[in-house]
Amino acid sequence: MFMSTMTKEACNAMIDFVFGNGQSLKSPTSLHLALFNNDPSEDLPIEVPNTSAYGYSRQVIKFAQAKDGRSYNTETVTFPAAKKSWGVIKAIGVYGNIQTSEGDGNTGEVETLLFYATLPNQKEVPANAVLAFSPGNIRYTLVI
């Protein structure tokens, strides 16, 4: 249903890994689905406010092993009921917890936007509504 765009950070990491430019590529420790109120650009995606007043938080998402350059979500992703209106959801994004290492040997994790896509049908999420994506509804295709 959705064609995603890979962010510059994810694209650069993959290219450096494939071409052996000194990058070791590790899978994110977890992936989370986010909802956006705008058509995201890599510079300024506007996410639904992540506060207890709205009842919004990113949700864990799992993808199938890729086949023919394609992957899709394997489980239903359900967001909690909105406490306040989340407005019009125009796009989604997948964030990954990426391991980082500092020059001093310290390591940590940073949550990075990896992929995003505008929704073909924008969705208004009023108070008390629940938004869910069924298995197979979120697909990523890498053009091969």
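**Ring pairs and salt bridges in a predicted model**

Colleague: Which residues do ring pairs link into a cluster?

Modeller: In this predicted model, ring pairs join Tyr-56, Phe-79 and Trp-86 into a cluster. The whole structure holds 4 aromatic pairs.

Colleague: Why is the pair of Tyr-56 and Trp-86 called edge-to-face?

Modeller: The centres must lie within 6.5 Å, and planes over 60 degrees apart count as edge-to-face. For Tyr-56 and Trp-86 the centres are 5.3 Å apart and the angle between the planes is 85°. Both conditions are met, so the pair is edge-to-face.

Colleague: What makes this pair a tie between separate parts?

Modeller: Tyr-56 lies in the loop between β2 and β3, and Trp-86 in the loop between β5 and β6, so the pair ties together parts that are 30 residues apart in sequence. Tyr-56 and Trp-86 are both buried.

Colleague: Why is the pair of Phe-115 and Tyr-140 called tilted?

Modeller: Planes under 30 degrees apart count as stacked and those over 60 as edge-to-face, with the rest tilted. The planes of Phe-115 and Tyr-140 are 50° apart, with 4.4 Å from centre to centre. The angle falls under neither of the other two headings, and the pair is therefore tilted. Phe-115 belongs to strand β7 and Tyr-140 to strand β9, 25 residues apart.

Colleague: How do you know whether Phe-115 and Tyr-140 are buried or partly exposed?

Modeller: Buried means under 20% relative accessible area, and exposed means over 50%. Tyr-140 has 15%, so Tyr-140 counts as buried. Phe-115 has 21%, so Phe-115 counts as partly exposed.

Colleague: Why is the contact of Arg-58 with Glu-47 called a salt bridge?

Modeller: A side-chain nitrogen of Arg must be within 4 Å of a carboxyl oxygen of Glu. The distance from N to O is 2.8 Å here, so the pair of Arg-58 and Glu-47 qualifies. Both residues are in the loop between β2 and β3, 11 residues apart.

Colleague: What makes Glu-47, Arg-58 and Glu-111 a network?

Modeller: Arg-58 also forms a salt bridge with Glu-111, with the closest N and O atoms 2.4 Å apart. Glu-111 is in strand β7, 53 residues from Arg-58. Salt bridges thus link Glu-47, Arg-58 and Glu-111 in a network.

Colleague: How do you know that the charged end of Arg-58 sits over the ring of Tyr-95?

Modeller: The distance allowed from the ring centre is within 6 Å, and the direction must be within 35 degrees of the ring normal. The charged end of Arg-58 is 3.5 Å from the centre of the Tyr-95 ring, and is listed as sitting over that ring.

Methods: Residues are numbered from 1 along each chain as its sequence is written. This is a predicted model: local features need pLDDT of at least 70, side-chain atom pairs count only at pLDDT 80 or more; totals for chains, interfaces and linings use all residues. Side-chain values use heavy atoms; hydrogens and water are left out. Rings of Phe, Tyr and Trp (its six-membered ring) pair if their centres lie within 6.5 Å; planes under 30 degrees apart count as stacked, over 60 as edge-to-face and the rest as tilted. Helices (H or I, at least four residues) and strands (E, at least two) are DSSP runs, numbered from the N terminus. Buried means under 20% relative accessible area, exposed over 50%, partly exposed in between (1.4 Å probe, protein chains only).
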